[in-house]
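User: Please take a close look at one part of this model, the stretch that leads into the first strand, and connect what is found there to the rest of the chain.

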Amino acid sequence: MTIYALKDYVVVQANEPKKTTQSGIILTEATNVGDTSTGTVVSVGPEVKFLQGGHELIAQWGKSIKVSFDGVEHILIKEEDVIAIVAE
C-alpha cells in the first residue's frame, strides 16, 4: 500500500531518536527539547514547494496526524510545520 500526500501535506517516517552523542554522552528522554525531532520524507502533496521524497527534516509534531499502514508508522504534517532540512 502506498500513501500519497494531498495539498500541502507531507508524509514522514520518523527517525529513531539518538541515544548517544558523537562524544558518547548518553541522552535520555528528559533531554528532548519540546516536540521536535527528525524524520524522512516519504511523499509530498502537490502544493509543497521546498521538500521532496528522501529529504531528512526537523519538524514540530504538535499538530501531526499519526497513521500506521502495513505495520509501518507514518506521520502527516503540513509543510509549514517543517523547521529545517538536514543536509550532509
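Analyst: Once neighbours within four places in sequence are set aside, Lys7 is in contact with Gly45, Pro46, Glu47 and Val48. The model is a predicted one, and in it Lys7 belongs to the segment before strand E1. With a relative accessible area of 55%, Lys7 counts as exposed, because the cut-off for that class is over 50%. The backbone of Lys7 has a positive phi of about 50°, although this residue is not a glycine. As a general matter, most residues other than glycine have a negative phi.

A second residue can be set beside Lys7 on this point. Asp70, which is not a glycine either, has a positive phi of about 50°, and its place is in the loop between strand E4 (65-69) and strand E5. Asp70 is likewise classed as exposed, at a relative accessible area of 60%.

The segment before E1 can also be related to a part of the chain that is distant in sequence. Between Lys7 and Glu79, which are 72 residues apart along the chain, the C-alpha separation is 9.7 Å. For Lys78 and Asp8, 70 residues apart in sequence, the C-alpha atoms are 5.7 Å apart. Lys78 lies in E5 and, when residues up to four places away in sequence are not counted, touches Asp8 and Tyr9. Its relative accessibility of 29% makes Lys78 partly exposed, because this value falls between the cut-offs of 20% and 50%.

One of the contacts of Lys7, Val48, leads on to the interior, since Val48 is a member of the largest nonpolar core, and a core of this kind is by definition built from buried residues. That core has 11 residues in all, namely Val10, Val12, Val41, Val48, Leu51, Leu57, Ala59, Trp61, Ile75, Ile77 and Val82. The elements that contribute two or more residues to this core are E1 (9-14), E3 and E5 (72-78). In soluble globular proteins, nonpolar side chains tend to be buried together.

E3 shows how one of these contributing strands is arranged. Spanning residues 56-60, E3 has a covered face with Leu57 and Ala59, and an uncovered face with Glu56, Ile58 and Gln60. Such a pattern can be read against the general rule that side chains in a regular strand alternate between the two faces of the sheet. Leu57, on the covered face, is in contact with Val12, Ser37, Thr38, Gly39, Val41, Leu51, Val82, Ala84, Ile85 and Val86, again leaving aside neighbours within four places in sequence. E3 pairs with strand E6 (residues 82-86) in the antiparallel sense over four bridges, and Glu56 has Val86 of E6 as its bridge partner.

For the wider setting, the protein has zero helices and six strands. Buried residues account for 26% of its 88 residues. Of the contacts between residues at least 6 apart in sequence, 63% join residues at least 24 apart. The protein exposes about 6,400 Å², and carbon and sulfur atoms supply 54% of that area.

Note on methods. Residues numbered from 1 in each chain as written. Predicted model: local features only at pLDDT ≥ 70, side-chain atom pairs only at ≥ 80, totals over all residues. Heavy atoms only, no water. Buried < 20%, exposed > 50% of the residue type's maximum accessible area, 1.4 Å probe, protein only. Contact = heavy atoms within 4.5 Å. Areas by Shrake-Rupley, 256 points an atom, 1.4 Å probe, with all protein chains shown as cover. Pairing = 2+ DSSP bridges. Core = buried A, V, L, I, M, F, W, Y, C linked by side-chain atoms within 4.5 Å.
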